[in-house]
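Student: I'm new to this structure and would love a close look at one part of it. Could you walk me through the strands and how they are joined?

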Amino acid sequence: MGNTDVIIIRPKNFTSFAHQFCKTWDLRSQVANIFQRIQVIDKKISDLLNSSMDRSQRLDFIKYQINEVENLGLDEEQDSQLEDKIKNQKSQHYLSSFYQTAINTLDGDTLSVNERLGTLLREAQALKVQPESLQQIVEMIEDAQKLIQEASYNINSFVTSSTDDQQLDTLESRLSDIRKLQKKFGTEFKDIISAYEGMKTELHELEHTDEQIAQLELEKKALWVELQPKLKELSQEWSKGSQKLAKSVNKQLVDLNMKGVLFHIAIDELDVANATGQDLIRFTIKNGPSGEPRPIHKTASGGELSRMLLSLKVA
């Protein structure tokens with residue numbers, strides 16, 4: 001048996017043969033396209049209904065993460081320089097600490113170098129006998145004291161521009177918060193922004209699930225309205241085509257000496273339409289006009305089937 005033989009033997013192919021004979025492939029494609037769009041909408045509605053079961057918990061989670069990003073107020077240009085700012089602040093902090101230690105050591109209190117040199121000078125001046133060698137030492141101590149006082153004065157100018165520890169803590173805290181977001185959403189600022197936009201979209205969808213379902217139902221209803229005239233037209237074409245096909249096949253059967261055997265096409269309306277239409281096509285045979293139609297693939301003998309195949313090929 002060839003391809004046409006398979007069409008008769010396999011009932012699932014009756015509809016394809018009907019499209020071929022009635023030349024309704026284009027109309028069938030339109031029906032299939034609309035039906036596919038309806039199925040896509042059904043899937044979306046189903047997903048939305050399923051997601052609504054844990055919607056409350058998801059809403060709380062999404063809102064928390066959105067607030068986390070918004071409260072931080074990301075500024076890519078400024079925040080990308082945070083690490084450098086912190087390094088500079090720490091460097092300034094260390095310098096400030098050094099300057100303060102230097103001041104305390106050189107000229108800070110009674111134990112400072114300047115005070116001790118002053119004490120030495122006062123003790124040298126109190127001596128009744130001051131040999132020449134001592135006078136040279138005293139002059140050197142006086143010069144050293146002047147250098148130390150000048151150094152202390154210069155260091156004081158640096159200390160006044162020292163860093164604010166609170167500002168450093170603020171910068172480090174902000175960098176830590178940004179690092180937390182980067183662990184969640186990606187190392188680049190664009191990754192965080194992209195995730196944020198995605199969460200905003202999801203939040204909107206979660207908060208408007210009922211409206212989305214209602215809109216999808218309207219779209220689905222509109223598609224069914226669009227589908228009905230095409231289904232009706234398809235049924236009409238099949239009805240006319242089936243009569244023409246049956247008449248042609250039965251004429252061939254008479255010529256092939258199969259008098260009394262009638263080829264009949266049954267068209268049953270389905271409860272629910274599908275991508276091929278709203279009708280079920282069945283090829284049957286019956287013995288005489290008053291005979292009971294029987295499925296051709298189950299009841300026709302091998303000889304009858306061969307002659308019917310031949311009739312279909314020339315129909």
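Tutor: Let's start at the hairpin, where two residues link strand E1 to strand E2. Please keep in mind that this is a predicted model. E1 covers residues 261-274 and runs antiparallel to E2, with 10 bridges joining the two strands. To find one of these pairings yourself, look for Ile265, whose bridge partner in E2 is Phe283.

Now stay with E2 itself, which spans residues 277-287. This strand is mostly covered, as eight of its 11 residues are buried. As a general guide while you look along it, side chains in a regular strand alternate between the two faces of the sheet.

E2 also pairs with strand E3, residues 294-295. These two strands run antiparallel as well, and two bridges join them. In one pairing, Ile285 has Arg294 in E3 as its bridge partner. The hairpin of E2 and E3 has six residues between the strands, and here Gly288 takes a positive phi near 85°.

For some context beyond the strands, turn to helix H3 (residues 25-51) and helix H11 (residues 209-255). Their axes come within 9 Å and cross at roughly 160°. An angle over 145 degrees counts as roughly antiparallel, and H3 and H11 are therefore roughly antiparallel to each other. Their crossing is left-handed. The contact of H3 with H11 has 16 nonpolar, three polar and nine charged residues.

Methods
Residues numbered from 1 in each chain as written. Predicted model: local features only at pLDDT ≥ 70, side-chain atom pairs only at ≥ 80, totals over all residues. Heavy atoms only, no water. Buried < 20%, exposed > 50% of the residue type's maximum accessible area, 1.4 Å probe, protein only. Helix = DSSP H or I, 4+ residues; strand = E, 2+ residues; numbered from the N terminus. Pairing = 2+ DSSP bridges. Axes fitted to C-alpha atoms, helices over the stretch in contact; angles between N-to-C directions. Parallel < 35°, antiparallel > 145°, perpendicular 65-115°, else oblique. Left-handed = near helix turned anticlockwise from the far one by under 90°. Nonpolar A, V, L, I, M, F, W, Y, C, P; charged D, E, K, R; others polar.
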